[in-house]
Every structure is written in C-alpha cells, then in structure tokens.
Amino acid sequence: MAACPKSAWPAVKAMLHSVYDQPDAVSVHAQYDKLLDSVAAKLPDVHDHLDAARADVLAFTTFPRDLWRQIWSNNPNERLNREIRRRTDVVGIFPDRGSLTRLVGAVLAEQHDEWAEGRRYLGLDLLHRARLSAIPGDVEEVSTDPFQALTA
C-alpha cells in the first residue's frame, strides 16, 4: 500500500479483496485484470505496482481451491505474534537480551510442539493433494533398462 495514497486505500483494498472472493483461478485472473483497469487512470503508481506483483499476488491459484484460504491468510503468524507480545508484556522489563531470547524461544518451541502433535494449519492430506496437483510434471522418469543406472 506504499504506492497508494491513503485516501484511496479503502477502495483499492475492497477491489483487491474481490479478487480473492472469486470461485476459480480463471475468475481470479479476470477480476485482477478488472482491478488493474480500474486503477490505471486514477492511480498509475498503484497500477504499476500491482502489475509488477501479479505473479506473487496470484500465486495461490496454482494450488487446489481447498488450500486458498490458508495460503492467503497470515492468521497463524498473527496469532503467534500476539502470544509473544502477551508473554513479553507479562514480564515487562528484561534484564538482558538473552532472557528475551529465551522467552521467545520457549514460546516458539511450545508452538512447534503444538503443530507437531497434530494441530496443523495445513493438514498432511491437503498438502499431499496440493503436491500432486500443483506440480504435475515433477515426476522422475523411471527407466525400464536395468543396466542404465550401472553405467559410469
């Protein structure tokens, strides 16, 4: 939003959210084109910025629809940051940098344990399906010649 004037933020944000509300990848790309067309005349800097970031903004469309919400969301990061902020606020003042590092490290280790024990943001079955559909040509070719691997 650095390229966007503050007065235009609500409109651009609403248009950008309409891109994410589309049901399929083709509609997402079409809505993104409409967004670019609508800001081209009034906000050329925003148009250039969004056009340059197109591949990054729309990268989620290469994954299955089931994963889209988890990909665009940063809720786990925000939740973790809130927990770190809450724990550091309880302590208040740290005697040195090492004590802060230990506390934050303990929070991160606790979070890792929660995710390792089964409370995953992205389930393994969803990740497996995403791997199968996102990279269809990423399969090693298996040779039928048993002596091909033995050649030096």
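**Figure 1. Who T88 touches in this predicted model**. Leaving aside residues up to four places away in sequence, T88 is in touch with F94, L100 and L103. T88 itself sits in helix α6, the stretch covering residues 75-91. Is T88 buried or exposed? T88 counts as buried, because its relative accessibility is 17% and the cut-off for buried is under 20%.

**Figure 2. L108 and its partners from further back in the chain**. Here we're in helix α7, which runs over residues 97-116 and holds L108. Once residues up to four places away in sequence are set aside, L108 touches L80 and I84. How far apart are L108 and I84 in space, C-alpha to C-alpha? The C-alpha atoms of that pair are 8.5 Å apart, with the two positions 24 residues apart in sequence numbering. L108 comes out at 41% relative accessibility, so it goes down as partly exposed, the class between the 20% and 50% cut-offs.

**Figure 3. Helix α2 against helix α3**. Zoom in on residues 25-40 (α2) and residues 44-52 (α3): the two axes come within 7 Å and cross at roughly 155 degrees. That angle is why α2 is described as roughly antiparallel to α3, a label for angles over 145 degrees. As for handedness, the α2 and α3 crossing is left-handed. On the α2 side, the contact is made by Y32, L35, L36, V39 and A40, while α3 brings P44, V46, H47, L50 and D51. What sort of residues are they? Sorted by type, the contact of α2 with α3 has eight nonpolar residues, one polar and one charged.

**Figure 4. Zooming back out to the protein chain that holds these close-ups**. If you're wondering about the fold's ingredients, the secondary structure comes to eight helices and zero strands. Written out along the sequence, that gives α-α-α-α-α-α-α-α. How much of the protein chain is buried? Of its 152 residues, 20% fall in the buried class. The accessible surface of the protein chain is about 11,200 Å², and carbon and sulfur atoms account for 57% of it. On the contact side, take the pairs in the protein chain that are at least 6 apart in sequence: 53% of those contacts join residues at least 24 apart.

How values were computed. Residues are numbered from 1 along each chain as its sequence is written. This is a predicted model: local features need pLDDT of at least 70, side-chain atom pairs count only at pLDDT 80 or more; totals for chains, interfaces and linings use all residues. Side-chain values use heavy atoms; hydrogens and water are left out. Helices (H or I, at least four residues) and strands (E, at least two) are DSSP runs, numbered from the N terminus. Buried means under 20% relative accessible area, exposed over 50%, partly exposed in between (1.4 Å probe, protein chains only). Contact means heavy atoms within 4.5 Å. Accessible areas come from the Shrake-Rupley method with a 1.4 Å probe; for residues, only the protein chains shown count as cover. Axes are lines fitted to C-alpha atoms, for helices over the stretch in contact, and angles run from 0 to 180 degrees between N-to-C directions. Angles under 35 degrees count as roughly parallel, over 145 as roughly antiparallel, 65 to 115 as roughly perpendicular and the rest as oblique. A crossing is left-handed if the near helix is turned anticlockwise from the far one by less than a right angle, and right-handed if clockwise. Ala, Val, Leu, Ile, Met, Phe, Trp, Tyr, Cys and Pro count as nonpolar, Asp, Glu, Lys and Arg as charged, and the others, Gly among them, as polar.
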